[in-house]
Each structure stands twice: as structure tokens, then as C-alpha cells.
Amino acid sequence: DARQLLMELDRRHVAMIECARAHGASANYAGSGGAIVAVCRDKSHRDDVIGALRADGCSATHTCPSHVV
């Protein structure tokens with residue numbers, strides 16, 4: 001959100017963040033744009049968020065940490 005206050009953002013990138021957040025995920029940019037990180041509650045929630053992003057035309061994948069510190 002702070003980034004959007006500082007500069008104009010590509011609407012496609014903003015749409016990814018809004019989509020993930022609209023489906024209950026915590027979402028933020030992963031770098032300079034074009035990719036996001038969405039944190040989900042569990043596998044079912046992750047699948048819902050990935051499905052929503054894909055329905056909007058995004059490529060989506062997931063990773064899972066091998067352990068939680």
C-alpha cells in the first residue's frame with residue numbers, strides 16, 4: 001500500500017494484490033512488480049486463492065516451508 005502512495009502502479013499488478021486480498025489472503029509485492037506473495041491460512045484457503053488468481057488470468061504456484069521456525 002505504501003508503494004502505491006509513492007508511484008503509479010501497473011493496474012495488472014494491483015489487481016493481483018486486490019484479488020488475493022479479496023479472497024482473504026495477506027498479499028504483497030515480491031519485488032519490483034509482476035509477482036506477489038500471498039499468505040494463506042491452510043491448504044484449502046491456498047487452493048481458493050490460487051483458483052481466483054488463475055480465473056483472473058494470472059499464473060500461480062505455491063511453495064511450502066519445510067519447517068516453521
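Which residue meets glutamate 18 in a salt bridge? The partner is arginine 11, at 3.5 Å from N to O. Here a salt bridge means a side-chain nitrogen of Lys or Arg within 4 Å of a carboxyl oxygen of Asp or Glu.

Some ground rules first. This is a predicted model, in which local features need pLDDT of at least 70 and side-chain atom pairs count only at pLDDT 80 or more, while totals for chains, interfaces and linings use all residues. Residues are numbered from 1 along each chain as its sequence is written, and side-chain values use heavy atoms, with hydrogens and water left out.

**Fold and confidence**

The protein has three helices and two strands, in the order α-α-β-β-α from the N terminus. These are DSSP runs, numbered from the N terminus (helices: H or I, at least four residues; strands: E, at least two). Mean pLDDT, the predictor's confidence in each residue from 0 to 100, is 88 for the protein. Among the elements, H1 has the lowest mean, 76, and helix H3 (residues 43-55) the highest, 95.

**Salt bridges**

By the rule above, the count is four salt bridges. Three of them are listed here, including the opening pair.

| Pair | N to O distance |
|---|---|
| Arginine 12 and aspartate 10 | 2.6 Å |
| Glutamate 18 and arginine 11 | 3.5 Å |
| Lysine 43 and aspartate 47 | 2.9 Å |

Lysine 43 and aspartate 47 sit four residues apart in helix H3, about one turn of the helix, and Arg46 joins them in a network of salt bridges. Lysine 43 is exposed at 52% relative accessible area, whereas aspartate 47 is partly exposed at 37%. For these classes, buried means under 20%, exposed over 50% and partly exposed in between (1.4 Å probe, protein chains only). Arginine 12 is exposed too, at 59%, while its partner aspartate 10 is partly exposed at 29%.

**Core, contacts and pocket**

Of the 69 residues, 26% are buried. Alanine 15, in helix H2, has its C-alpha atom 8.7 Å from that of aspartate 56, although the two are 41 residues apart along the chain.

The largest pocket has a volume of about 440 Å³. A pocket is an open set of points on a 1 Å grid where a 1.4 Å probe fits, with protein on both sides within 12 Å along at least five of seven lines; lining residues have an atom within 4 Å of a point. The volume is the space filled by probe spheres set on the points. Of its 21 lining residues, the closest to the centre are Ile36, Val37, Ala38, Thr61 and His62.
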